[in-house]
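Here are a few exercises to help you find your way around a new structure. Have a go at each one before you read the solution.

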Amino acid sequence: VKIFSKVIDLFFPRSCFSCSDKLLENEEILCNNCKEKLKFFERQVCDKCGFPLKSGLCEICKKENYVFDKARSVFSYEGVIKDLIHHLKYDEKTVVVDVLAEYIENFLKEENYISSDYIFVPVPLHSIKKKMRGYNQAEVIANSIAKFSGNEVRSKIITRNRFTESQTKLGRSARIKNLKAAFNIQKDYDFSNKKFLIIDDVFTTGTTVNEIAMLLKHHQAQEIRVLTIARAKT
Ligand SMILES: [Zn+2]
Ligand SMILES: [Zn+2]
């Protein structure tokens, strides 16, 4: 497959995944110009949810809204990184993750965020969506990080139910109930005293990862952290 992709590159040189006007060599996906434009997320953040903040806990976390113990993101969800994640999700360009892995590796080391006993849990996709896309991008990210960190990846302990009813047709309470039933946990797995790192591409409201954290905590998980490639600043 590697040789084949090299031959392809020879005849169809890759253009930059973000600005698309510069041709690249080898395994590159970003031109130097766009590489420099990659924006990292703030390092001074809320102790818990990772929202930009000088120190301590943000207003949301003071009210204890999140079940997970900590959430962190490597990049700010804008510009170049937005383009890369789009390629990853909708364009079968999983190569994006291999390039980002280096940045994620540095981040994890600098922040000393996880130890080797954290079990990676990628946020699952609906089975139909996964079939259509051919892969789950969160799983691709988790496996790529695990390649250098050596952590165990468990992509089947949390699965997503296929919604039987469309959300839009349901009333408010039914909708919440429907969302609550969105995930399944593997019942014969022993979660007690274990540490988990939930992995996803983008952190938006945190609702999805919090739902998973609730399930894990309910099954006696000891510590639950969240890592996403990017996060929107608002
Ligand atoms: Zn470029
Ligand atoms: Zn917070």
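The exercises below look at a metal site and at some charged pairs.

This is a predicted model, where local features need pLDDT of at least 70, side-chain atom pairs count only at pLDDT 80 or more, and totals for chains, interfaces and linings use all residues. Residues are numbered from 1 along each chain as its sequence is written, chains are lettered from A and ligands numbered from 1 in the order in which they are written, and side-chain values use heavy atoms, with hydrogens and water left out.

**Exercise 1.** Find which residues coordinate the zinc ion (ligand 1), and work out their arrangement.

*Step 1.* Look for donors, meaning N, O and S atoms within 2.8 Å of the metal (3.2 Å for Na, K and Ca); water is not among the atoms, so sites may look incomplete. The SG atoms of Cys16, Cys19, Cys31 and Cys34 coordinate the zinc ion (ligand 1) at 2.3 to 2.4 Å.

*Step 2.* Check the angles: four donors count as tetrahedral if all angles lie between 85 and 135 degrees. Here the four donor atoms subtend 102 to 116 degrees, so the arrangement is tetrahedral.

*Step 3.* Read the spacing along the sequence: C-x2-C-x11-C-x2-C. Cys19 and Cys31, twelve residues apart, both sit in the loop between helix H1 (2–11) and helix H2 (32–37). Helices (H or I, at least four residues) and strands (E, at least two) are DSSP runs, numbered from the N terminus.

*Step 4.* Compare accessibility, where buried means under 20% relative accessible area, exposed over 50%, and partly exposed in between (1.4 Å probe, protein chains only). Cys19 is partly exposed at 26%, whereas Cys31 is buried at 4%.

**Exercise 2.** Work out which parts of the chain the salt bridge between Glu42 and Lys233 ties together.

*Step 1.* Use the cut-off: a side-chain nitrogen of Lys or Arg within 4 Å of a carboxyl oxygen of Asp or Glu. Glu42 and Lys233 meet at 3.6 Å, N to O.

*Step 2.* Place both ends: Glu42 lies in the loop between H2 and helix H3 (59–62), and Lys233 in the segment after strand S6 (223–231), so parts 191 residues apart in sequence are tied together.

**Exercise 3.** Is Asp201, a salt-bridge partner of Lys89, buried or exposed?

*Step 1.* The closest N and O atoms of Asp201 and Lys89 are 3.3 Å apart. Asp201 belongs to strand S5 (residues 195–203) and Lys89 to helix H4 (residues 79–90).

*Step 2.* With 3% relative accessibility, Asp201 counts as buried.

Terms used: Tetrahedral: all angles 85-135°; square planar, octahedral: opposite > 155°, others 65-115°.
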